[in-house]
Amino acid sequence: MTSNWFSKVPIRRKLTLLVQAMVAVALMMASTALLYKQWHFEQTAMLRQLVALADVLGANTSAALVFDDADSASQVLDSLRKQPSVEAAYLFDSEGETFASYVVDGTRHPELTAPPEPGQSEVEHGFAFVANSIESDGEVIGTIYIAANLDLVKEQLIDYATIVAVVMLVCFATTQLVSSRLQRTISGPILELAGTAERISAAEDYSIRVAKTSEDELGVLYDQFNNMLEQVESREQQLEQARDELEARVERRTRQLSDANFDLSNEVAERRRAEQELARVHRDFVEAARHAGMAEIASGVLHNVGNVLNSVNVSASTIYSSLKASKRQQLTKLASLLLEHESELGAFVTNDPRGQQIPKFLQKLAETLNAEDDSLMKEAYSLTSNIEHIKAIISTQQSYATTGGLVEPMNVNELLEDALKLNSAAFVRHRIRVDRDLADLPPVLVDKQRILQIVINLIKNAKEALSEQHECERVLSVCTRQEGDDLYIEVQDTGVGIEPHNLTRVFSHGFSTKSTGHGFGLHSCANAASEMDGELMVHSDGHLKGATFTLRLPFASVQKANR
C-alpha cells in the first residue's frame, strides 16, 4: 500500500522526500558517530590524565615509601582535593598493604584492601581508574591506584548532544526549504556530481571523473571538480609518502627528546633528595652525639662518618660537575629550531642544510647523554650507599646513647657486632680483615654503655696499630667466651705490638705511645672495668708481634637474676 501511494507522488515530490530522507539519515549517522567519538575521546582523555596524575603522584610518594613516611604520602594524596572528579586514591607498599589513601566522603567507589594489577587503565561501573607501579632504583616499591567519576564527561556529552540536536533541526529545516525550491533545476546535475563523489570516496579512487552535461555554472563546477580530482590524486600520492616519512621521523625524535628530558628530571630530583637526606642525616648525627655523653664513642662515630662523607662529597661534586657540563642545553636550541620550522618541518629536515644535520646531531647527542647517564647513575648509587652507611653508623650509636650505670639485659655478641659496624669503613680503607670467634652466650645483665665504650676504644687502638703495620697481613680478631662465673671479651691484632717495658704502663693516666695520644682512653677503660667488678688486661710478645686486650666481667645471666 505504501508502494502504491509512493508511485502516485509526483517526481519532484519524490526527489524532495528522498533528499530529506537522505539528509535525515546522514545527519543521524554523523551525529551518532560524533557523539560516540566524543564519548570515547573524553574517556581516553580522562584515562590519560589519570595516568599522568598517577605518574606524578608515584614520583612524589616514592621517597615516602622508601623512608616509611605515611604522613608525607597522605599529604601528597590530599592534593587530589583540587581534582573534583577524583573520588578515591590508594597507595600500597611492596607487601600489598595499604600505605596511604584518599577517599571522598559519600563516594560510590568500593573500598580497596589489596592492590590491583599494575598497568591497568580502564573505565568500568561509571568510574575511570588506573593502577601504576612505583619504582626506585629499578625496584618496584609500591602501587598507586586512582579512580575518578565520569560525571563531568557525561555532562559534556549531554552538552554536545544538545548542540548536535539543534544543528540537526536547523539542517533539516534548511534542506526542506532548499530542496523544495531548487530540486527541479539542480537536483539532476547535483545528484550526478554527488554520486560521482560518493563513488570516489567509497573506493578512494581519484582517477574517476564526472561527465560534463552543460555549459553553465554546473559545467564550470564539473570542470573544476575534475581538475581538483587530478590535483588531489597527484598530491594524495605525494602527501601519503611524505606523511609516512614525517610521522616516523617526528615520532622517533619526540621519543628521544622525551626520554632525555625525563632522565634529566629524575637526575635533578635524585640529587635534591640526596642533598636533603645528607642534611637530615647530619642533623640526626649532631643531635645523637650531643645526647650520647660518651666522648670515645662520639669521636669514633664522627671519624667514621667523616670518612664516608668524603665519599659522599666526591659523588655529589661529580654529579654537580656532570650536570653543569651536560649537553642537554643543546636540546633547547634544537627544540627552538624545530618550532621555528614547524609549518614546513618535512621540507626543512629534507632540504635545509641545518635540518639535514639534525639526525647526526641527535645521534651524537644521544651517545653523549647515555655516557652522562651511566656516570650519573653510578655516582648516585655510590651516594645512596654512603648515605645508608652513615645512617647505619648513627643508628647504632643512638641505640647506646643512654645514661651510664644502667644495668640491663644485653647480647654481648650483638654489642661487639655494633662496635665493629661503627668502624667498618676504616677497616675497608686500611685493608683490615676481621675474624670473629663468638661463643653462643645467653643474654647477660651488663652496663652496655660502659662495655661499648671499652670495646670501641680497644677496637680503635687495634685499628691504629694495624694501620702502622706494613710487614704482614692486617688481622683484627674478636672473641667471647664463658669460663665459670666470668665472661671474657678479647680484642687481638697483628699490629705493631707493645714493648715489654710498656706493658705495665699502658693503663696509667696520661701514658700513650702515640704522638697525638692523650693517655686517657685505656686509663678510663680500666677504671670502667673495675667499677663493674671486672678487669682489663693486656698481653704482647713485643714490637711487631701484635697485642691482645682482654676484658673480664662477672657473668650475670638473666636466668640467674630471675631465680
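Author: Helices are DSSP runs of H or I with at least four residues, strands are DSSP runs of E with at least two, and both are numbered from the N terminus. The model is predicted, and local features need pLDDT of at least 70, side-chain atom pairs count only at pLDDT 80 or more, while totals for chains, interfaces and linings use all residues. Residues are numbered from 1 along each chain as its sequence is written, and side-chain values use heavy atoms, with hydrogens and water left out.

Reader: Is Thr-175 buried or exposed?

Author: Thr-175 has its place in helix H4. Buried means under 20% relative accessible area, exposed means over 50%, and partly exposed lies in between (1.4 Å probe, protein chains only). The relative accessibility of Thr-175 is 16%, so this residue counts as buried.

Reader: How far apart in space are Thr-175 and Thr-16?

Author: In sequence, 159 residues separate Thr-175 and Thr-16. From C-alpha to C-alpha, the two stand apart in space by 9.0 Å.

Reader: Which residues make the nonpolar surface patch of about 270 Å²?

Author: Patches use residues with over 30% relative accessible area and no salt bridge; like charges are joined within 9 Å, nonpolar side chains (Val, Leu, Ile, Met, Phe, Trp, Tyr) within 5 Å. The areas come from the Shrake-Rupley method with a 1.4 Å probe, and for residues only the protein chains shown count as cover. One member, Tyr-160, is found in helix H4 (residues 151-203) and is partly exposed at 34%. The patch is made by Tyr-160, Ile-163 and Val-167.

Reader: Which strands stand at the edges of the sheet S2-S1-S5-S4-S3?

Author: Two strands pair if DSSP finds at least two bridges between them. This open sheet has 5 strands, and the pairing is antiparallel. Each edge strand has a single partner, so one side is left without a neighbour in the sheet: these are S2 (98-103) and S3 (120-124).

Reader: What angle does helix H3 make with S2?

Author: Axes are lines fitted to C-alpha atoms, for helices over the stretch in contact, and angles run from 0 to 180 degrees between N-to-C directions. Contact means heavy atoms within 4.5 Å. Helix H3 (residues 70-78) lies across S1 (86-93), S2 and S5 (139-149), and its angle to S2 is about 25 degrees.

Reader: Why is S4 called largely enclosed by the rest of the structure?

Author: Strand S4 spans residues 127-136 and pairs with S3 over 5 bridges. With S5 it shares 10 bridges. S4 is largely enclosed because, of its 10 residues, the number buried is 7.

Reader: Which residue in the turn between S3 and S4 has a positive phi?

Author: Val-123 stands opposite Ala-128 in S4, and Glu-124 has Phe-127 as its bridge partner. S3 and S4 form a hairpin with 2 residues between them. The residue with a positive phi, about 55 degrees, is His-125.

Reader: And which one in the turn between S4 and S5?

Author: Phe-129 has Ala-147 in S5 as its bridge partner. S4 and S5 form a hairpin with 2 residues between them. The turn residue with a positive phi of about 55 degrees is Asp-137.

Reader: Which helix packs on the sheet S7-S9-S10-S12-S11 and touches S9, S10, S11 and S12?

Author: This open sheet has 5 strands with mixed pairing. Its edges are S7 (433-438) and S11 (535-539). Helix H11 (residues 412-422) packs on the sheet, touching S7, S9 (475-483) and S10 (486-493). The helix touching S9, S10, S11 and S12 spans residues 448-467 and is H13.

Reader: How many salt bridges are there?

Author: A salt bridge is a side-chain nitrogen of Lys or Arg within 4 Å of a carboxyl oxygen of Asp or Glu. One joins Glu-251 and Arg-255, with the closest N and O atoms 3.5 Å apart. Both lie in helix H5 (residues 217-292), about one turn of the helix apart. The count comes to 11.

Reader: Which residue of S11 meets Arg-552 in a salt bridge?

Author: Arg-552 lies in strand S12 and also meets Asp-486 in a salt bridge at 3.6 Å, N to O. In S11, the partner sits 17 residues from Arg-552 in sequence and is partly exposed at 36% relative accessibility. At 3.7 Å, N to O, that partner is Glu-535.
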